[in-house]
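Got your viewer open? Let's take a walk through this structure together, one selection at a time.

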Amino acid sequence: MRPILMKGHERPLTYLKYNKDGDLLFSCAKDHTPTLWFADNGERLGTYRGHNGAVWCCDVSRDSMRLITGSADQTAKLWNVQTGAQLYTFNFDSPARSVDFSVGDKLVVITTDPFMELTSAIHVKRIAGDHTEQTGESVLTLKGPQGRINRAVWGPLNRTIISAGEDAVIRIWDSETGKLLKEADKEIGHKKTITSLSKSADGSHFLTGSLDKSAKLWDSRTLTLIKTYVTERPVNAVTMSPLLDHVVLGGGQDASAVTTTDHRAGKFEAKFFDKILQEEIGGVKGHFGPINALAFNPDGKSFSSGGEDGYVRIHHFDPDYFNIKI
Amino acid sequence: MSVSMQTQPKIRWGELEEDDGEDLDFLLPPKQVIGPDDNGIKRVIEYKFNDDGNKVKITTTTRIRKLANARLSKRALERRNWAKFGDAVREDVGSRLTMVSTEEILIERPRAPGSKPEETKVAGDPLAQLGKGGAVLMVCRTCGKKGDHWTSRCPYKDLAASSEGFSEKPATSDAATAAAGAGKGAYVPPGMRAGAERTGTDMRRRNDENSVRVTNLSEDTREPDLLELFRTFGSVSRVYVAVDQKTGMSRGFGFVNFVNKDDAQRAINKLNGYGYDNLILRVEWATPRTN
């Protein structure tokens, strides 16, 4: 396959997100402008100007009309996808790290980093149908985990919130009462910071990637560990194919160590694993730095990766990919 | 890309400064997009004024490749025609934000497709294989461990950075020894073998021990001259003259390594204070002797 290279960002990529139909790709980077691309040919459709810091995460509503972004400038912003206009700004006292729309797009969960004396927190906000009525009030605020919460997503039927972060513990919270329901077992869980979390297409299970050089597959309801994928490098990004039983792990050594080591030792590949057999299928090379973001097109026929090198690469699979046998 | 010029009716430069470009833009023919035709060739013709006030026609020819025939929903087709916004509005044809990789990227399989499932088991669960007889064959070339993992899966692979740096060179000797002593398996350098000191200082110390420093050399002295001078005392393993990297001139000192210590001592006794090329040489042990 010949990947499409998109050089729209001047700083390392942080997050990639496809919309539901898989025709649009949103990219977030440490420069201040999230960008919208056509997912098939990589043409740039627009940029969302307004943030004043690194943009860590984004999510798009199911109807592809609203975009929410979380940024280090201590805000999360709601955008009109089509025009790039800012609809609303949620202000926080610390950098916003992750955002996730609930099923139905009525609620959003936003996590904020520990900052100055503040501890990290998970905020649930209501999204108004009409953006002029939008308020910044929190429906629920959860506190407790130590360190940064790198990802928080909605569990099945919006009943729970799944969070993971620097303390390497995955937690499931009740999204109504804010009670801590489950905590992953320290014995079987990750040993180091969890960097990424990606839900399966149906939400029944999710995948976490960690700096302990592994990715783990969990059941969304019971939080039982299903599978573990071991690799040679810290994992920065994970995603799952919605079509085949494949998971993709992206990573590489710390950005700070890149210049001091041989490029061959870097392992800046997106590694494909068989979801069930936990075995490596193959690697896709190309980035000149660690992979920070991965996303699978909802049709399962292409995936994109974003790297520390500032490039987004869209890979449309060759036909033989769909016949790979182990 | 072809560029053709037409001269404009004369414009005074003073005027040009003020209503630069934008006001004159209405004089230009509109942007034309032709194609893509059957071969996927798309032409975009644009007109603009260059710095000299001349009208320039810019034709950009691109080939459009059809990607996987994706079925788009009605909404997606609508989005196809959305107007650009943000920084994308000012984007001109020339800016190459999106490129197709010139390199064909393949999914690199960790092993050949269609290899035996037994082999799969080895890779997936090396411990299970340990009890079987075949496990002895599995020797890691990086860390020398037997039956634990294959070389490609060695957990210490990255630690052995020094050997990696030379990987191009020993590759041939590697193959040669492997062919010669097939029973022994892959070549392991003596320093890496079990029981050997892993530090690699051995060799260096041997060199240092018989290393002789020669100072007060004339600038014209080159390594062959030095070799000729010292060869008479015994076999020389290395001659080195320090050369200034910028000027290429000799810096006036060098080192000579002897195979035998006695030869080195004799050379020192004989040549220290020896007149060579109008200068009096100073010859001594390169490192202060401890014993």
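The tour starts where two chains meet and ends at a sheet. Keep in mind along the way that this is a predicted model.

**Stop 1: the contact between the chains**

Colour chain A and chain B differently, then select the residues where they touch. You should find 55 residues from chain A and 39 residues from chain B in the contact. Together the two chains bury about 4,200 Å² between them, and 49% of that area lies on carbon and sulfur atoms.

Now pick out B:Trp82, B:Phe85 and B:Ile107. On the chain B side, these three lose the most area to chain A; together they account for 18% of what that side buries.

**Stop 2: charges and polar pairs**

Next, show side chains as sticks. Which residue of chain B forms a salt bridge with A:Glu43? Select B:Lys84 and you have the partner; the closest N and O atoms of this pair are 2.9 Å apart. Between chain B and chain A, the count is 7 salt bridges. There are also 24 residue pairs in polar contact between the two chains, with both residues at pLDDT 80 or more.

Stay on chain B and look at which elements take part. Helix H2 (74-80) and strand E5 (98-100) of chain B each give two or more residues to the side that touches chain A. The largest share, 4 residues, comes from H2(B). If you colour this side of chain B by residue type, you get 14 nonpolar, 8 polar and 17 charged residues.

**Stop 3: strands that pair across the chains**

Switch to a cartoon view and select residues 4-6 of chain A, which make up strand E1. This strand is joined to E5(B) by 3 bridges, and the two run antiparallel. Zoom in on A:Leu5: standing opposite, in E5(B), is B:Met99.

**Stop 4: a sheet in chain A**

Finally, hide chain B and move along chain A. Here 4 strands form an open sheet in the order E18-E19-E20-E21, with antiparallel pairing. Which strands sit at the edges? Select 194-199 for strand E18 and 225-230 for strand E21: each pairs on one side only. Turn the view and you can look for the twist: neighbouring strands of this sheet are turned by 20° against each other on average, direction ignored.

For a last close-up, select strand E19 (residues 205-210) and strand E20 (residues 214-219) of chain A, which are joined by 6 bridges. Start from A:Thr208 and find its bridge partner in E20(A), A:Lys216.

Technical notes:
Residues are numbered from 1 along each chain as its sequence is written. Chains are lettered from A and ligands numbered from 1 in the order in which they are written. This is a predicted model: local features need pLDDT of at least 70, side-chain atom pairs count only at pLDDT 80 or more; totals for chains, interfaces and linings use all residues. Side-chain values use heavy atoms; hydrogens and water are left out. Contact means heavy atoms within 4.5 Å. Buried area is the accessible area (1.4 Å probe) that two parts lose on being put together, summed over both. A salt bridge is a side-chain nitrogen of Lys or Arg within 4 Å of a carboxyl oxygen of Asp or Glu. A polar contact is a pair of N or O atoms within 3.5 Å; within protein, one must be able to donate a hydrogen and the other to accept it, and residues adjacent in sequence count only if both atoms are side-chain atoms. Ala, Val, Leu, Ile, Met, Phe, Trp, Tyr, Cys and Pro count as nonpolar, Asp, Glu, Lys and Arg as charged, and the others, Gly among them, as polar. Two strands pair if DSSP finds at least two bridges between them. Axes are lines fitted to C-alpha atoms, for helices over the stretch in contact, and angles run from 0 to 180 degrees between N-to-C directions.
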